[in-house]
Amino acid sequence: MDTLALEATLPKKAQNGAMGALPGLPVPAKRKPAKKTKKAVVFFEVEILDAKTKDKLCFLDKVEPNATIGEIKSMFHKSHPQWYPARQSIRLDPKGKSLKDEDVLQHLPVGTTATFYFRDLGAQISWVTVFLTEYAGPLLIYLMFYFRVPFIYAPKYDFTTSKHWVVHLACMCHSFHYVKRLLETLFVHRFSHGTMPLRNIFKNCTYYWGFAAWMAYYINHPLYTPPIYGEQQIRLALIVFLFCQIGNFSIHIALRNLRPPGSKTRKIPYPTKNPFTWIFLLVSCPNYTYELGSWLGFTLMTQCLPVAFFTLVGFIQMTVWAKGKHRSYLKEFRDYPTLRSPILPFVL
Ligand SMILES: NC(=O)c1ccc[n+]([C@@H]2O[C@H](COP(=O)([O-])OP(=O)(O)OC[C@H]3O[C@@H](n4cnc5c(N)ncnc54)[C@H](OP(=O)(O)O)[C@@H]3O)[C@@H](O)[C@H]2O)c1
């Protein structure tokens, strides 16, 4: 009989050696009794300090280790009702980046007494409201100039129409662009952030509304002169504009399909069966590339200096964003395709 078989037949006490060793048999190793209790949960203590003054704003006792930053924000909100979760920025470092709502307490580099820093992001407004305001503005403002409502041009031109067909075409293209953007905001984009600071809306609206008014004033002006190369230039411009609008829409659909509804997932975008998305092989943010193309087309069509200026400013802004997004892709995904540039293939 081997030792194991003997162990199974001996009374428990004898197996554990409590009766002493039986003669001629090896002494069985002393066993620890099996743990029946669950592993004790280690709760966290969380203190939240003001990122500027370092004053203690809140102390949370017995926080579950698997609590998320989103949940901590809700707890903080209870003691400070003026700071609802969307306007809170919670950081590990007073000057560092905001933590994500889905970050889990026990996975953060903090001890069981965690210190976080809070910054007030200011009053928030939903992204959808922001986009609708930003895009409905240019649409309506442009139309006011197109219909030559009173107090814009000399009274004799009130509610008159331009004799140049390019002016009507430009109005159709401009309106199409902003209606498309409004519809995409409502039905295509799956945003990861619900809100943005209210103050941004003033900045963004000044930009979009101001440029729309400036461009529309000149294009619809009674003394406007059509492009020098006439119909040929307008036709080419229209092709460029429409091509880029379809391209931009295709990229928005491809980005939408990367993110399951209700999630905040970010994935590497790749070309799909739609040829307009093949530009993903060379560019990280092709929606911006196509956006630039659309405005270049519109500049060529109207041959209007304010439009060229709007295109340039938009290009600079989108380049800054595209570079940031490109850097984030490289940081986030090790296998990110190295051939891609942020906005212009091989150039920028
Ligand atoms: N003319 C101009 O001056 C100008 C300037 C800027 C934009 N625009 C136009 O407005 C459009 C939208 O601008 P945007 O800055 O919001 O574009 P964006 O940052 O590229 O985002 C478009 C949508 O796709 C999502 N998305 C982006 N990358 C993703 C990824 N890797 N995985 C999953 N989802 C992803 C975004 O979600 P998130 O919420 O997570 O970002 C957002 O819902 C542009 O394409 C352009 O047509 C025009």
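A polar contact here is a pair of N or O atoms within 3.5 Å. Keep that cut-off in mind as you move around this predicted model.

**Stop 1: the ligand's polar contacts.** Select the ligand together with Asn-248. An N or O atom in the Asn-248 side chain sits 3.0 Å from an oxygen atom of the ligand. Now add Arg-181, where a polar side-chain atom is 3.4 Å from a ligand nitrogen atom. Then show the main chain of Lys-267: a backbone N or O atom there lies 2.8 Å from a nitrogen atom of the ligand. How much of the ligand's area does the protein bury? On its own the ligand exposes 880 Å², and the protein buries 90% of that.

**Stop 2: the shell.** Widen the selection to the 25 residues that surround the ligand. The closest of them are Ser-192, His-252, Tyr-288, Glu-291 and Lys-325, so label these five. Colouring by residue class gives eleven nonpolar, seven polar and seven charged residues in the shell.

Next, colour by helix. H6 (198-219), H7 (230-258), H8 (286-302) and H9 (305-332) each supply at least two shell residues. Which helix gives the most to the shell? That is H9, with five residues. If you prefer to colour by domain, domain 2 (123-181 + 196-216) and domain 3 (227-348) each provide at least three residues of the shell.

**Stop 3: a nonpolar patch.** Stay with H9, but switch to a surface view. Select Trp-214, Tyr-218, Phe-309, Leu-312, Ile-316, Val-320 and Trp-321, which together make a nonpolar surface patch of about 710 Å². Two elements, H6 and H9, give two or more residues to this patch. The largest share again belongs to H9, with five residues; Val-320 is one of the residues in that helix.

**Stop 4: a salt bridge.** Finally, hide the surface and look for charged pairs. The structure holds eight salt bridges. One to pick out joins the side chains of Lys-73 and Asp-101, with an N to O distance of 2.8 Å. Lys-73 lies in helix H3 (residues 69-79), while Asp-101 is in the loop between strand S3 (88-91) and strand S4 (113-120), so this pair ties together parts that are 28 residues apart in sequence.

Note on methods: Residues numbered from 1 in each chain as written. Predicted model: local features only at pLDDT ≥ 70, side-chain atom pairs only at ≥ 80, totals over all residues. Heavy atoms only, no water. Near = heavy atom within 4 Å. Polar contact = N/O pair within 3.5 Å; in protein donor to acceptor, adjacent residues only side chain to side chain. Areas by Shrake-Rupley, 256 points an atom, 1.4 Å probe, with all protein chains shown as cover. Helix = DSSP H or I, 4+ residues; strand = E, 2+ residues; numbered from the N terminus. Nonpolar A, V, L, I, M, F, W, Y, C, P; charged D, E, K, R; others polar. Domains from an automatic or database assignment. Patch = residues over 30% accessible without salt bridge, like charges linked within 9 Å, V, L, I, M, F, W, Y side chains within 5 Å. Salt bridge = Lys/Arg side-chain N within 4 Å of Asp/Glu carboxyl O.
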